[in-house]
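Hi,

Here is the structure I promised to pass on. Have a look at it first, and then read my notes below.

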Amino acid sequence: MPEPDPATTALLTVECQSGVVGEESALPELAGEARDSGMLGRVAALVDAAHAAGVQVLHAIAERRPDGLGANDNARLFRAAGKLPVRQLSGSPAVEVAAPIAVAENDLVVRRLHGLSPIAGTDVDALLRNLGIRTLVVTGVSSNIAIPNAVFDAVNLGYRVVVPSDAIAGVPAAYTAEVIRNCLALVATITTADALLEQWAPA
């Protein structure tokens with residue numbers, strides 16, 4: 001894989017928030033997979049390496065207002081989310097970036113109140129263009145929904161997309177490998193966290 005230029009590359013973490021992948025997750029099966037597979041630790045390592053290499057980091061957070069104003073209700077997923085014991089409410093601990101991922105002062109945190117994509121209908125594209133970003137590294141959860149949405153949206157917008165295969169997760173665990181092989185590999189460059197860490201290591 002050609003090495004992305006750190007000056008024109010951004011790292012996007014998708015829904016790596018306490019209420020999704022943390023100890024008090026609304027989705028314990030997904031959170032367990034994110035932790036037990038080592039995905040969460042690898043995302044944290046990539047974020048640290050990006051900070052050191054001058055790669056811009058963005059954290060995409062899914063949340064909703066306590067009154068639900070503006071949130072989707074046009075799919076079973078959205079209706080089920082409103083009934084979960086842990087809700088991703090604006091201003092709550094559930095929508096903070098989950099440990100062990102570190103948030104630096106110049107990281108951008110993009111919050112959305114609706115939809116399935118961390119890019120469509122959010123500020124992500126405008127922020128990336130203003131920063132001169134051409135390559136987007138996509139990490140996080142889930143390989144079931146938000147990650148494919150992010151990859152396809154970024155490709156449609158003209159970005160080169162890189163997906164470290166061991167820095168995304170979904171349920172069941174075997175599904176992630178299938179979606180990478182049969183879907184994401186058709187439109188994105190597939191790599192590993194270690195390969196990116198090596199590229200972003202200090203000279």
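**Salt bridges, a strand and two cores**

Glutamate 96 counts as partly exposed, because its relative accessibility is 38% and the partly exposed class runs between 20% and 50%. Before I go on, please keep in mind that this is a predicted model.

What does glutamate 96 pair with? It forms a salt bridge with arginine 111, and the closest N and O atoms are 3.8 Å apart. This pair links distant parts of the chain: glutamate 96 is in the loop between α4 (76-81) and β3, while arginine 111 is in strand β3, 15 residues apart. Arginine 111 is partly exposed as well, at a relative accessible area of 36%.

That was one of the eight salt bridges that turn up in a search of the whole structure. Another is between glutamate 15 and arginine 112, where the closest N and O atoms are 2.9 Å apart. Here too the pair links distant parts of the chain, with the two positions 97 residues apart: glutamate 15 is in the loop between β1 (9-14) and α1 (18-21), and arginine 112 is in strand β3 (residues 108-112). Are these two buried or exposed? Glutamate 15 and arginine 112 are both buried.

Then there is a salt bridge inside a helix. Arginine 129 bridges to aspartate 125, with 2.9 Å between the closest N and O atoms. Both sit in helix α5 (residues 124-130), four residues apart, which is about one turn of the helix. Aspartate 125 has 18% relative accessibility, so it falls under the 20% limit and counts as buried. Arginine 129 is partly exposed, since its relative accessible area is 40%. As for networks, Glu63, Glu96 and Arg111 are joined into one by salt bridges that share partners.

Now for β1. Six of its six residues are buried, so the strand is largely enclosed by the rest of the structure. Thr9, Leu11 and Thr13 point one way from β1, and Ala10, Leu12 and Val14 point the other way.

Which strands does β1 pair with? One is β4 (residues 135-141), which runs parallel to β1 and is joined to it by six bridges. Another is β2 (residues 56-62), also parallel to β1, with five bridges between them. Alanine 10 is a handy place to see both pairings: its bridge partner in β4 is leucine 136, and its bridge partner in β2 is glutamine 56.

On to the nonpolar cores. The largest has 29 residues, and those with the most contacts inside it are Leu11, Met39, Ile101 and Trp200. At least two residues of this core come from each of α1, α2 (28-36), α3 (39-53), β2, β4 and α8 (193-200). Which element supplies the largest share? That is α3, with eight residues.

If you want one residue to click on there, try isoleucine 101. Leaving aside residues up to four places away in sequence, isoleucine 101 touches Cys16, Leu40, Val43, Ala44, Val47 and His59. There is also a second, separate core of 26 residues, which includes Ala10, Val161, Ile180 and Cys183. So β1 residues turn up in both places, because Leu11 is in the largest core and Ala10 is in the second one.

Over to you!

Note on methods:
Residues numbered from 1 in each chain as written. Predicted model: local features only at pLDDT ≥ 70, side-chain atom pairs only at ≥ 80, totals over all residues. Heavy atoms only, no water. Salt bridge = Lys/Arg side-chain N within 4 Å of Asp/Glu carboxyl O. Buried < 20%, exposed > 50% of the residue type's maximum accessible area, 1.4 Å probe, protein only. Pairing = 2+ DSSP bridges. Core = buried A, V, L, I, M, F, W, Y, C linked by side-chain atoms within 4.5 Å. Contact = heavy atoms within 4.5 Å.
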